[in-house]
Amino acid sequence: MHKQTRLTCTAINGLLVYNQVFKDNVKPCLLKNSQNHCSYCDEHSFNAGNLMIEHFKSVKFFPELEAEYSNLYTSCFACNNRKRDASYPTIEPLRPDDADYSFDKYFHFEPDTGKIILLDTNNLQAEATLTFLNLNNLDTRNARKNFVNDWIARKSRPSYSYRFIELPENNGK
Ligand SMILES: [Zn+2]
């Protein structure tokens, strides 16, 4: 999960209902916030295909937040699908647009396994985030490992995806 900044979205001023007009107006704002990446796994739309509008707190449990801008992010189909039926954690998960969020503050990346590891195993909020967003699912771990292997083979960053990943010194340079 890469840091993002939520910009003001004037296009949805006065729109209160989550209908096609709302979606057409809000989506460009969300894509700008995430710079055309999935807000969770950070795949670029070039790899992930069309990104969808995703409700951080799902409409199933929080219908009142359906047209709440701060609850909306872009995500890839896979991330959206993985968290679709997940109940909301009792501990508030981290969000990519939290003011003080950065990947390095909470996590580190393990190139050999493709896993995202907690920096502080006692940080329940960071743990809830990994679980809620299912960021260490097998497909994504493998995709990250492939990304790293590509990087090392090419000696340069292979694509726009996984911007939070940095390789240890002497690799990928
Ligand atoms: Zn994703």
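**Exercise 1. In this predicted model, describe the hairpin that S3 and S4 form, including the turn between them.**

Solution. Begin with the turn: four residues separate S3 from S4 in the hairpin, and Gly114, which lies in this turn, has a positive phi of about 75°. Next, take the strands themselves, where S3 covers residues 107-110 and S4 covers residues 115-118, the two pairing in the antiparallel sense over four bridges. Finally, follow individual partners across the pair: Phe107 stands opposite Leu118 in S4, while the bridge partner of Phe109 in S4 is Ile116.

**Exercise 2. Place Gln35 and Asp42 in the chain, and state for each whether the residue is buried, partly exposed or exposed.**

Solution. First, locate the residues: Gln35 lies in the loop between H1 and H2, and Asp42 is found in the loop between H1 and H2 as well. Second, consider the backbone, bearing in mind that most residues other than glycine have a negative phi. Gln35 is not a glycine, yet has a positive phi of about 50°, and Asp42, also not a glycine, has a positive phi of about 70°. Third, count neighbours: Gln35 has 15 C-beta neighbours inside 10 Å and therefore counts as partly exposed. Asp42 has 26 other C-beta atoms within 10 Å, so Asp42 is buried, the cut-off for burial being 20 or more.

**Exercise 3. Identify the residues that touch the most other members of the largest nonpolar core, and trace the contacts of Cys41.**

Solution. The largest nonpolar core holds 16 residues, of which Cys38, Tyr40, Cys41, Cys76, Cys79, Leu133 and Leu135 touch the most other members. Taking Cys41 from this list, and leaving aside residues up to four places away in sequence, one finds that Cys41 touches Cys76, Cys79, Leu135 and Thr140. There is also a second, separate core of five residues, among them Phe147, Trp151, Tyr162 and Ile165. As background, nonpolar side chains in soluble globular proteins tend to be buried together.

**Exercise 4. Decide whether Asn13 and Thr90 are buried or exposed, and relate each to a residue elsewhere in the chain.**

Solution. Asn13 is found in the segment before helix H1 (20-34), and because Asn13 has 8 C-beta neighbours inside 10 Å, this residue counts as exposed. The C-alpha atoms of Asn13 and Pro111 are separated by 43 Å, the two residues being 98 residues apart along the chain. Thr90 has its place in the loop between helix H3 (77-83) and helix H4 (103-106), and with 7 C-beta neighbours inside 10 Å, Thr90 counts as exposed. Between the C-alpha atoms of Thr90 and Lys57, which are 33 residues apart along the chain, the separation is 12 Å.

**Exercise 5. Summarise the overall architecture of the protein and the confidence of its prediction.**

Solution. Start from the inventory of six helices and four strands, which run from the N terminus in the order α-α-β-β-α-α-β-β-α-α. Then consider dimensions: the C-alpha trace spans about 50 × 35 × 25 Å along its principal axes, and the radius of gyration is 16 Å, which agrees with the value near 16 Å that a compact globule of 173 residues would have. Of the 173 residues, 26% count as buried. Lastly, weigh the confidence: the average pLDDT is 93, and 97% of the residues score at least 70. Among the elements, helix H2 (residues 45-48) has the lowest mean pLDDT, 81, whereas strand S2 (residues 72-75) has the highest, 98.

Technical notes. Residues numbered from 1 in each chain as written. Predicted model: local features only at pLDDT ≥ 70, side-chain atom pairs only at ≥ 80, totals over all residues. Pairing = 2+ DSSP bridges. Core = buried A, V, L, I, M, F, W, Y, C linked by C-beta atoms within 7 Å. Buried ≥ 20, exposed ≤ 12 C-beta atoms within 10 Å, placed from the backbone. Contact = placed C-beta atoms within 7 Å. pLDDT = per-residue confidence, 0-100. Rg over C-alpha atoms; globule rule 2.2 N^0.38 Å.
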